[in-house]
Amino acid sequence: MLLTKLELAGFKSFANRTEICFDRGVTGIIGPNGSGKSNISEAIRWVLGEQSARSLRGTRMEDIIFSGTQAKKPLAYAEVTLTLSNEDRLLDVAYNEIAITRRVYRSGESEYFINRTPCRLKDIVELFRDTGIGKEGYSVIGQGRIDEILSNRSEDRRAVFEEAAGISKYRARKEEAERKLAATRDNLVRIGDIVGELQDRLGPLEEQAEVARQYLKLKEELKAIELTAFLHQYDRAHSKIAAQAELIASLSARSAERDLRAGVLRRQ
Ligand code: ATP
(Lines give C-alpha, C1' and ligand atoms only; values in the text may rest on other atoms or scores of the structure.)
Protein backbone atom coordinates (compact mmCIF):
# COMPACT_ATOMS: atom_id res chain seq x y z
CA MET A 1 0.00 0.00 0.00
CA LEU A 2 1.45 3.33 -1.06
CA LEU A 3 0.98 6.72 0.45
CA THR A 4 0.40 8.88 -2.63
CA LYS A 5 -0.64 12.33 -1.45
CA LEU A 6 -1.15 14.51 1.62
CA GLU A 7 -3.20 17.70 1.39
CA LEU A 8 -3.15 20.18 4.24
CA ALA A 9 -5.32 23.28 4.63
CA GLY A 10 -5.23 25.36 7.79
CA PHE A 11 -3.34 22.62 9.67
CA LYS A 12 -0.80 24.19 12.07
CA SER A 13 1.75 26.16 10.01
CA PHE A 14 0.10 25.18 6.68
CA ALA A 15 -2.24 28.15 6.22
CA ASN A 16 -2.44 27.80 2.45
CA ARG A 17 -3.77 24.62 0.86
CA THR A 18 -0.61 22.52 0.39
CA GLU A 19 -0.26 19.29 -1.52
CA ILE A 20 2.63 16.91 -0.88
CA CYS A 21 2.93 14.06 -3.37
CA PHE A 22 4.89 10.92 -2.48
CA ASP A 23 6.56 8.99 -5.27
CA ARG A 24 7.75 5.41 -5.08
CA GLY A 25 10.89 5.02 -2.99
CA VAL A 26 11.79 7.10 0.02
CA THR A 27 10.66 10.69 0.48
CA GLY A 28 12.64 12.83 2.89
CA ILE A 29 11.55 16.21 4.17
CA ILE A 30 14.28 18.51 5.24
CA GLY A 31 14.24 22.03 6.62
CA PRO A 32 15.51 24.20 9.45
CA ASN A 33 14.31 23.74 13.00
CA GLY A 34 10.75 24.88 13.51
CA SER A 35 9.94 25.01 9.80
CA GLY A 36 7.08 22.53 10.16
CA LYS A 37 8.54 19.07 9.38
CA SER A 38 6.94 17.39 12.39
CA ASN A 39 3.64 19.06 11.52
CA ILE A 40 3.53 16.84 8.43
CA SER A 41 3.80 13.55 10.32
CA GLU A 42 1.35 14.93 12.89
CA ALA A 43 -1.10 15.70 10.08
CA ILE A 44 -0.87 12.04 9.02
CA ARG A 45 -1.53 10.82 12.58
CA TRP A 46 -4.32 13.36 13.01
CA VAL A 47 -6.18 12.42 9.83
CA LEU A 48 -6.03 8.78 10.93
CA GLY A 49 -7.98 9.70 14.06
CA GLU A 50 -5.53 10.93 16.71
CA GLN A 51 -7.66 12.15 19.64
CA SER A 52 -4.95 13.41 21.97
CA ALA A 53 -4.17 17.12 21.48
CA ARG A 54 -1.15 16.67 23.72
CA SER A 55 0.44 14.10 21.46
CA LEU A 56 0.09 16.71 18.69
CA ARG A 57 1.93 19.18 20.92
CA GLY A 58 -1.18 21.21 21.73
CA THR A 59 -3.50 21.55 24.71
CA ARG A 60 -6.85 21.57 22.89
CA MET A 61 -7.73 20.13 19.49
CA GLU A 62 -8.33 23.63 18.08
CA ASP A 63 -4.61 24.38 18.65
CA ILE A 64 -3.94 22.54 15.40
CA ILE A 65 -5.93 25.14 13.40
CA PHE A 66 -3.71 27.81 11.83
CA SER A 67 -3.62 30.51 14.50
CA GLY A 68 -2.47 33.37 12.25
CA THR A 69 0.72 35.34 11.81
CA GLN A 70 1.45 39.05 11.51
CA ALA A 71 0.64 38.82 7.81
CA LYS A 72 -2.17 36.24 7.84
CA LYS A 73 -5.46 36.02 9.73
CA PRO A 74 -6.29 32.88 11.77
CA LEU A 75 -8.43 30.29 9.96
CA ALA A 76 -11.80 28.87 11.03
CA TYR A 77 -10.98 25.20 10.43
CA ALA A 78 -8.20 22.77 9.59
CA GLU A 79 -8.52 20.01 7.02
CA VAL A 80 -6.17 17.19 6.07
CA THR A 81 -6.69 14.60 3.32
CA LEU A 82 -4.49 11.53 3.05
CA THR A 83 -4.61 9.58 -0.21
CA LEU A 84 -3.45 5.98 -0.41
CA SER A 85 -3.20 3.65 -3.34
CA ASN A 86 -5.17 0.46 -2.67
CA GLU A 87 -4.26 -1.41 -5.83
CA ASP A 88 -2.95 -4.33 -3.76
CA ARG A 89 -6.34 -4.41 -1.92
CA LEU A 90 -4.68 -4.39 1.48
CA LEU A 91 -7.62 -2.32 2.63
CA ASP A 92 -10.85 -4.25 2.48
CA VAL A 93 -12.71 -1.91 0.09
CA ALA A 94 -13.30 -2.06 -3.65
CA TYR A 95 -11.50 1.19 -4.52
CA ASN A 96 -8.08 1.57 -6.14
CA GLU A 97 -7.53 4.81 -4.27
CA ILE A 98 -8.72 5.77 -0.79
CA ALA A 99 -8.83 9.37 0.43
CA ILE A 100 -9.33 9.90 4.14
CA THR A 101 -10.31 13.41 5.22
CA ARG A 102 -10.65 14.96 8.65
CA ARG A 103 -11.81 18.49 9.37
CA VAL A 104 -11.95 20.27 12.72
CA TYR A 105 -13.65 23.58 13.57
CA ARG A 106 -12.83 26.02 16.37
CA SER A 107 -15.80 24.54 18.30
CA GLY A 108 -13.73 21.34 18.56
CA GLU A 109 -16.18 19.40 16.37
CA SER A 110 -14.50 16.93 14.01
CA GLU A 111 -15.80 15.57 10.71
CA TYR A 112 -14.47 12.50 8.92
CA PHE A 113 -14.81 11.40 5.30
CA ILE A 114 -13.78 8.36 3.28
CA ASN A 115 -13.56 9.27 -0.43
CA ARG A 116 -15.48 12.50 0.34
CA THR A 117 -18.40 10.59 1.90
CA PRO A 118 -19.05 11.50 5.57
CA CYS A 119 -18.30 8.66 7.97
CA ARG A 120 -17.53 8.00 11.64
CA LEU A 121 -14.08 7.89 13.20
CA LYS A 122 -14.85 4.23 13.99
CA ASP A 123 -15.10 3.48 10.24
CA ILE A 124 -11.62 4.91 9.67
CA VAL A 125 -10.14 3.06 12.66
CA GLU A 126 -11.75 -0.22 11.42
CA LEU A 127 -10.52 0.38 7.86
CA PHE A 128 -6.89 0.61 8.95
CA ARG A 129 -6.97 -1.89 11.82
CA ASP A 130 -4.07 -4.38 11.64
CA THR A 131 -2.54 -2.71 8.58
CA GLY A 132 0.01 -0.91 10.74
CA ILE A 133 -1.25 2.41 9.43
CA GLY A 134 -3.71 3.50 12.16
CA LYS A 135 -2.86 6.35 14.49
CA GLU A 136 -1.21 3.79 16.80
CA GLY A 137 0.26 1.89 13.86
CA TYR A 138 3.94 1.16 13.62
CA SER A 139 4.12 2.80 10.16
CA VAL A 140 3.72 6.28 11.64
CA ILE A 141 6.31 6.72 14.32
CA GLY A 142 6.27 10.16 15.86
CA GLN A 143 8.79 11.84 18.09
CA GLY A 144 9.12 9.78 21.25
CA ARG A 145 7.65 6.56 19.87
CA ILE A 146 11.05 5.11 19.01
CA ASP A 147 11.53 5.01 22.78
CA GLU A 148 8.40 2.86 22.99
CA ILE A 149 9.87 0.25 20.62
CA LEU A 150 13.21 0.26 22.39
CA SER A 151 11.50 0.40 25.78
CA ASN A 152 12.29 -2.07 28.51
CA ARG A 153 8.59 -2.15 29.41
CA SER A 154 7.17 -5.24 27.72
CA GLU A 155 3.62 -3.72 27.55
CA ASP A 156 4.90 -0.81 25.43
CA ARG A 157 6.64 -3.10 22.97
CA ARG A 158 3.76 -5.54 23.00
CA ALA A 159 1.29 -2.94 21.58
CA VAL A 160 3.60 -2.32 18.60
CA PHE A 161 4.14 -6.04 17.92
CA GLU A 162 0.43 -6.84 18.30
CA GLU A 163 -0.45 -4.29 15.63
CA ALA A 164 2.29 -5.71 13.37
CA ALA A 165 1.10 -9.29 13.93
CA GLY A 166 -2.46 -8.28 13.02
CA ILE A 167 -4.09 -9.31 16.28
CA SER A 168 -5.21 -5.85 17.45
CA LYS A 169 -8.50 -6.33 15.57
CA TYR A 170 -9.25 -9.49 17.55
CA ARG A 171 -8.13 -7.86 20.80
CA ALA A 172 -10.50 -4.91 20.13
CA ARG A 173 -13.35 -7.33 19.31
CA LYS A 174 -12.58 -9.39 22.41
CA GLU A 175 -12.66 -6.25 24.55
CA GLU A 176 -15.98 -5.20 22.98
CA ALA A 177 -17.42 -8.71 23.54
CA GLU A 178 -16.22 -8.60 27.16
CA ARG A 179 -17.89 -5.20 27.63
CA LYS A 180 -21.15 -6.58 26.20
CA LEU A 181 -20.81 -9.66 28.41
CA ALA A 182 -20.39 -7.48 31.50
CA ALA A 183 -23.46 -5.43 30.49
CA THR A 184 -25.44 -8.66 29.97
CA ARG A 185 -24.31 -9.90 33.39
CA ASP A 186 -25.57 -6.64 34.94
CA ASN A 187 -28.90 -7.08 33.14
CA LEU A 188 -29.13 -10.66 34.46
CA VAL A 189 -28.61 -9.44 38.04
CA ARG A 190 -31.37 -6.84 37.51
CA ILE A 191 -33.70 -9.49 36.03
CA GLY A 192 -32.90 -11.75 39.04
CA ASP A 193 -33.98 -8.91 41.37
CA ILE A 194 -37.24 -8.45 39.44
CA VAL A 195 -37.93 -12.22 39.48
CA GLY A 196 -37.31 -12.28 43.26
CA GLU A 197 -39.70 -9.38 43.75
CA LEU A 198 -42.37 -11.05 41.61
CA GLN A 199 -41.94 -14.36 43.43
CA ASP A 200 -42.78 -12.60 46.73
CA ARG A 201 -46.05 -11.43 45.20
CA LEU A 202 -46.74 -14.86 43.66
CA GLY A 203 -48.09 -16.55 46.90
CA PRO A 204 -50.87 -14.01 47.67
CA LEU A 205 -51.73 -13.79 43.97
CA GLU A 206 -52.10 -17.59 43.76
CA GLU A 207 -54.48 -17.51 46.77
CA GLN A 208 -56.55 -14.77 45.12
CA ALA A 209 -56.63 -16.73 41.86
CA GLU A 210 -57.88 -19.87 43.74
CA VAL A 211 -60.68 -17.81 45.37
CA ALA A 212 -61.63 -16.42 41.95
CA ARG A 213 -61.65 -19.94 40.45
CA GLN A 214 -63.93 -21.17 43.29
CA TYR A 215 -66.26 -18.21 42.80
CA LEU A 216 -66.62 -18.96 39.09
CA LYS A 217 -67.27 -22.69 39.78
CA LEU A 218 -69.95 -21.91 42.41
CA LYS A 219 -71.52 -19.32 40.11
CA GLU A 220 -71.88 -22.00 37.39
CA GLU A 221 -73.40 -24.47 39.93
CA LEU A 222 -75.87 -21.80 41.11
CA LYS A 223 -76.92 -21.10 37.54
CA ALA A 224 -77.59 -24.83 36.91
CA ILE A 225 -79.60 -25.18 40.18
CA GLU A 226 -81.65 -22.06 39.41
CA LEU A 227 -82.42 -23.41 35.95
CA THR A 228 -83.51 -26.82 37.33
CA ALA A 229 -85.73 -25.09 39.97
CA PHE A 230 -87.36 -22.96 37.31
CA LEU A 231 -88.07 -25.99 35.10
CA HIS A 232 -89.49 -27.85 38.11
CA GLN A 233 -91.82 -24.91 38.96
CA TYR A 234 -92.80 -24.65 35.33
CA ASP A 235 -93.70 -28.38 35.12
CA ARG A 236 -95.76 -28.17 38.34
CA ALA A 237 -97.64 -25.09 37.13
CA HIS A 238 -98.20 -26.76 33.78
CA SER A 239 -99.66 -29.92 35.45
CA LYS A 240 -101.93 -27.75 37.66
CA ILE A 241 -103.22 -25.85 34.60
CA ALA A 242 -103.88 -29.17 32.81
CA ALA A 243 -105.80 -30.58 35.88
CA GLN A 244 -107.84 -27.37 36.20
CA ALA A 245 -108.61 -27.42 32.46
CA GLU A 246 -109.77 -31.05 32.81
CA LEU A 247 -111.99 -30.09 35.79
CA ILE A 248 -113.47 -27.16 33.89
CA ALA A 249 -114.17 -29.43 30.90
CA SER A 250 -115.91 -32.10 33.03
CA LEU A 251 -117.92 -29.44 34.94
CA SER A 252 -118.96 -27.84 31.62
CA ALA A 253 -120.00 -31.26 30.30
CA ARG A 254 -122.06 -31.97 33.44
CA SER A 255 -123.63 -28.48 33.28
CA ALA A 256 -124.53 -29.03 29.62
CA GLU A 257 -126.05 -32.43 30.44
CA ARG A 258 -128.16 -30.84 33.24
CA ASP A 259 -129.28 -28.05 30.94
CA LEU A 260 -130.33 -30.69 28.39
CA ARG A 261 -132.23 -32.70 30.96
CA ALA A 262 -133.99 -29.56 32.36
CA GLY A 263 -135.11 -28.66 28.82
CA VAL A 264 -136.65 -32.14 28.23
CA LEU A 265 -138.60 -31.99 31.54
CA ARG A 266 -139.92 -28.49 30.70
CA ARG A 267 -141.28 -29.75 27.36
CA GLN A 268 -143.15 -32.77 29.00
P1 ATP B 1 11.93 20.61 14.83
O2 ATP B 1 12.81 19.95 13.83
O3 ATP B 1 12.64 21.63 15.68
O4 ATP B 1 11.09 19.69 15.63
P5 ATP B 1 10.05 21.04 12.79
O6 ATP B 1 10.60 21.43 11.49
O7 ATP B 1 9.59 19.64 12.99
O8 ATP B 1 10.95 21.50 13.96
P9 ATP B 1 7.51 21.74 13.76
O10 ATP B 1 7.82 21.59 15.20
O11 ATP B 1 6.74 20.72 13.06
O12 ATP B 1 8.84 22.01 13.01
O13 ATP B 1 6.76 23.09 13.46
C14 ATP B 1 6.49 23.98 14.38
C15 ATP B 1 6.06 25.25 13.65
O16 ATP B 1 4.67 25.17 13.42
C17 ATP B 1 6.32 26.44 14.48
O18 ATP B 1 6.86 27.45 13.67
C19 ATP B 1 4.97 26.83 15.00
O20 ATP B 1 4.85 28.23 15.14
C21 ATP B 1 4.06 26.36 13.87
N22 ATP B 1 2.71 26.12 14.35
C23 ATP B 1 2.30 25.12 15.17
N24 ATP B 1 0.97 25.23 15.40
C25 ATP B 1 0.53 26.29 14.69
C26 ATP B 1 -0.75 26.90 14.50
N27 ATP B 1 -1.85 26.42 15.08
N28 ATP B 1 -0.83 27.98 13.70
C29 ATP B 1 0.26 28.46 13.10
N30 ATP B 1 1.50 27.94 13.22
C31 ATP B 1 1.63 26.85 14.01
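Two strands are taken to pair if DSSP finds at least two bridges between them. On this criterion, the predicted model contains an open sheet of 6 strands, arranged in the order 2-1-3-4-5-6 with antiparallel pairing. The edges of the sheet are occupied by strand 2 (18–21) and strand 6 (117–119); each has a single partner strand, so one side of each is left without a neighbour in the sheet. From one strand to the next, the twist averages 20°.

Strand 4 (residues 97–105) and strand 5 (residues 110–114) run antiparallel and are joined by 5 bridges. Within this pairing, Thr101 is positioned opposite Phe113 of strand 5, and Val104 has Ser110 as its bridge partner in strand 5. The connection between strand 4 and strand 5 is a hairpin with 4 residues between the strands, and Gly108 in its turn adopts a positive phi of about 95°.

Strand 5 also runs antiparallel to strand 6, to which 3 bridges join it. Phe113, which stands opposite Thr101 on the strand 4 side, has Pro118 as its bridge partner in strand 6. A hairpin is again formed, here with 2 residues between strand 5 and strand 6; Asn115, located in the turn, has a positive phi of about 45°.

Two helices pack on the sheet. Helix 1 (residues 37–47) touches strand 1 (2–9), strand 2, strand 3 (77–85) and strand 4, and the direction of helix 1 makes about 85° with that of strand 3. Helix 2 (residues 121–128) is in contact with strand 3, strand 4, strand 5 and strand 6, and the direction of helix 2 makes about 45° with that of strand 5. Strand 3 and strand 4 are thus among the strands touched by helix 1, and both are also touched by helix 2.

The ligand is surrounded by 16 residues, of which Gly34, Ser38, Arg57, Asp63 and Ser67 come nearest. By residue class, the shell around the ligand comprises 9 polar, 4 charged and 3 nonpolar residues. Three of the nearest residues can be described in terms of individual atom pairs with the ligand. For Ser38, a backbone N or O atom lies 2.7 Å from an oxygen atom of the ligand. For Arg57, a polar side-chain atom is placed 2.6 Å from a ligand oxygen atom. For Asp63, a polar backbone atom is found 2.8 Å from a nitrogen atom of the ligand. On its own, the ligand has 640 Å² of accessible area, 69% of which is covered by the protein.

Definitions and conventions
Residues numbered from 1 in each chain as written. Predicted model: local features only at pLDDT ≥ 70, side-chain atom pairs only at ≥ 80, totals over all residues. Heavy atoms only, no water. Near = heavy atom within 4 Å. Polar contact = N/O pair within 3.5 Å; in protein donor to acceptor, adjacent residues only side chain to side chain. Areas by Shrake-Rupley, 256 points an atom, 1.4 Å probe, with all protein chains shown as cover. Nonpolar A, V, L, I, M, F, W, Y, C, P; charged D, E, K, R; others polar. Axes fitted to C-alpha atoms, helices over the stretch in contact; angles between N-to-C directions. Contact = heavy atoms within 4.5 Å.
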